[in-house]
Amino acid sequence: MFTLFNLLNSEKVTDTEREKILYYINKYKETNNSNWLNSLDLSKINFYWCKDITDENNVLGAWNPLFYNDIYVKSIDKSKLNGNKFNDQLVYDFHFGLIIPTIFHELYHKYQCKKYTLPIYALLAIPLWREYTIEKSAYKISDNASDWIMILDEENFKKEFNKLHLDFYRHKL
C-alpha cells in the first residue's frame with residue numbers, strides 16, 4: 001500500500017529534467033484546456049522522482065497538501081539505460097510521455113485545493129469519496145494531456161524524420 005511515508009524515498013529531479021517538465025507544461029498552456037494552470041505559480045513547485053512509486057502499487061504520481069509545493073512521480077527505470085545515446089534518449093522520452101499527464105493530474109489536485117480551500121478539499125479527498133469528487137476531474141485532465149502529448153510526440157517525430165530525410169537525401173518530403 002502506498003502511503004505518505006513512501007514519498008520520503010524520493011530525489012529531486014535534475015535541472016535538465018525540470019526544464020523538460022516545464023517545457024511540456026508551457027506547451028500545454030497553449031491549449032484550450034489549460035486555463036486552470038494560470039493560477040499556479042510554477043516557479044515554486046518542486047518535482048521529485050519517487051522510488052517507491054512502482055508498478056506494483058498502481059501509482060504514477062502523488063501530491064498532498066502536507067507537501068504543498070511538491071509533485072512526486074514514478075522514477076525512470078535506470079536498468080533500461082545502457083549508455084547508448086539514442087536508446088537512452090528513447091527511454092527518457094517514453095518515460096516523460098508517461099509521467100507528464102500524471103504531473104498534470106497532480107497539479108490539478110493542487111489547483112483544486114487552492115480553488116476549494118484546504119478544509120473543503122480535505123472533505124472531498126476522503127478515501128472512496130474522492131473517486132466521485134476530486135479524482136474524476138483530475139483524470140479528465142490527465143486523459144486530455146495523454147491525448148495531447150501523443151499528438152505532440154507525433155509532430156516531433158515527423159519533424160525529426162523530415163530533418164533526417166533532408167540530411168541524407170538532400171530534398172524535402
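**Entry 1: a charge over a ring.** I take a charge to sit over a ring if NZ of Lys or CZ of Arg is within 6 Å of the ring centre and within 35 degrees of the ring normal. With that in hand I looked up Lys-20 in this predicted model, and I found its charged end over the ring of Phe-96, 5.0 Å from the ring centre. I then asked what else the side chain of Lys-20 meets, and noted a salt bridge with Asp-93, at 2.8 Å from N to O. This pair links distant parts of the chain, since I find Lys-20 in helix H1 (residues 15–28) and Asp-93 in helix H2 (residues 85–116), 73 residues apart. For the surroundings I wrote down that Lys-20 is partly exposed at 21% relative accessibility, and that Asp-93 is partly exposed as well, at 31%.

**Entry 2: the chain as a whole.** I stepped back to the overall layout and listed 4 helices and 4 strands in the chain, which I read along the sequence as the pattern β-α-β-β-β-α-α-α. The C-alpha atoms fill a box of roughly 60 × 35 × 30 Å when I take it along the principal axes. Of the 173 residues in the chain, I noted that buried residues make up 39%.

**Entry 3: other salt bridges.** Side chains of opposite charge can pair when their charged atoms come close. I recorded 6 salt bridges in the structure, and went on to look at two besides the one already described. The side chains of Glu-154 and Lys-158 meet at 3.4 Å, N to O, and I see that both residues lie in helix H4, 4 residues apart, which is about one turn of the helix. I have Glu-154 as partly exposed at 45% relative accessibility, and Lys-158 as partly exposed with a relative accessible area of 46%. The other bridge I looked up joins Lys-80 and Asp-77, at 3.6 Å from N to O. Here I noted that Lys-80 is exposed, with a relative accessible area of 51%, whereas Asp-77 counts as partly exposed at 35%.

**Entry 4: aromatic pairs.** How many aromatic pairs does the structure hold? I recorded 12 of them. One that I examined is formed by Tyr-23 and Tyr-24, with 5.4 Å from centre to centre and 70° between the planes, an edge-to-face arrangement. Its two members are placed unlike each other in the surface listing: I have Tyr-23 as partly exposed at 40% relative accessibility, while Tyr-24 is buried, with a relative accessible area of 6%.

I then turned to Tyr-48 and Tyr-72, whose ring centres are 5.1 Å apart and whose planes stand at 20°, so I entered the pair as stacked. The pair links distant parts of the chain, with Tyr-48 in strand S2 (residues 46–50) and Tyr-72 in strand S4 (residues 70–74), 24 residues apart. I checked burial for each ring in turn, and found Tyr-48 buried at 18% relative accessibility and Tyr-72 buried at 6%. To close this entry, I wrote down that Tyr-28, Phe-104 and Trp-148 form one aromatic cluster.

**Entry 5: cysteines.** A disulfide is a covalent bond between the sulfur atoms of two cysteines. Requiring the two sulfur atoms to lie within 2.5 Å, I arrived at a count of 0 disulfides. Cys-50 is in no disulfide, and the nearest cysteine sulfur, that of Cys-113, is 20 Å away. Why is the sulfur of Cys-113 not bonded to that of Cys-50? I concluded that it is too far for a bond, because the closest cysteine sulfur, in Cys-50, is 20 Å from it. I also looked up how each is covered, and entered Cys-50 as buried at 0% relative accessibility and Cys-113 as buried at 6%.

**Entry 6: a nonpolar surface patch.** My last search was for nonpolar side chains on the surface, where I found that Leu-123, Ile-126 and Trp-129 form a patch with about 330 Å² of accessible area together. I placed Ile-126 in the loop between helix H3 (118–124) and helix H4 (134–169). At 41% relative accessibility, I noted Ile-126 as partly exposed.

Definitions and conventions:
Residues are numbered from 1 along each chain as its sequence is written. This is a predicted model: local features need pLDDT of at least 70, side-chain atom pairs count only at pLDDT 80 or more; totals for chains, interfaces and linings use all residues. Side-chain values use heavy atoms; hydrogens and water are left out. Rings of Phe, Tyr and Trp (its six-membered ring) pair if their centres lie within 6.5 Å; planes under 30 degrees apart count as stacked, over 60 as edge-to-face and the rest as tilted. Buried means under 20% relative accessible area, exposed over 50%, partly exposed in between (1.4 Å probe, protein chains only). Helices (H or I, at least four residues) and strands (E, at least two) are DSSP runs, numbered from the N terminus. Patches are made of residues with over 30% relative accessible area and no salt bridge: like charges are joined within 9 Å, nonpolar side chains (Val, Leu, Ile, Met, Phe, Trp, Tyr) within 5 Å. Accessible areas come from the Shrake-Rupley method with a 1.4 Å probe; for residues, only the protein chains shown count as cover. A salt bridge is a side-chain nitrogen of Lys or Arg within 4 Å of a carboxyl oxygen of Asp or Glu.
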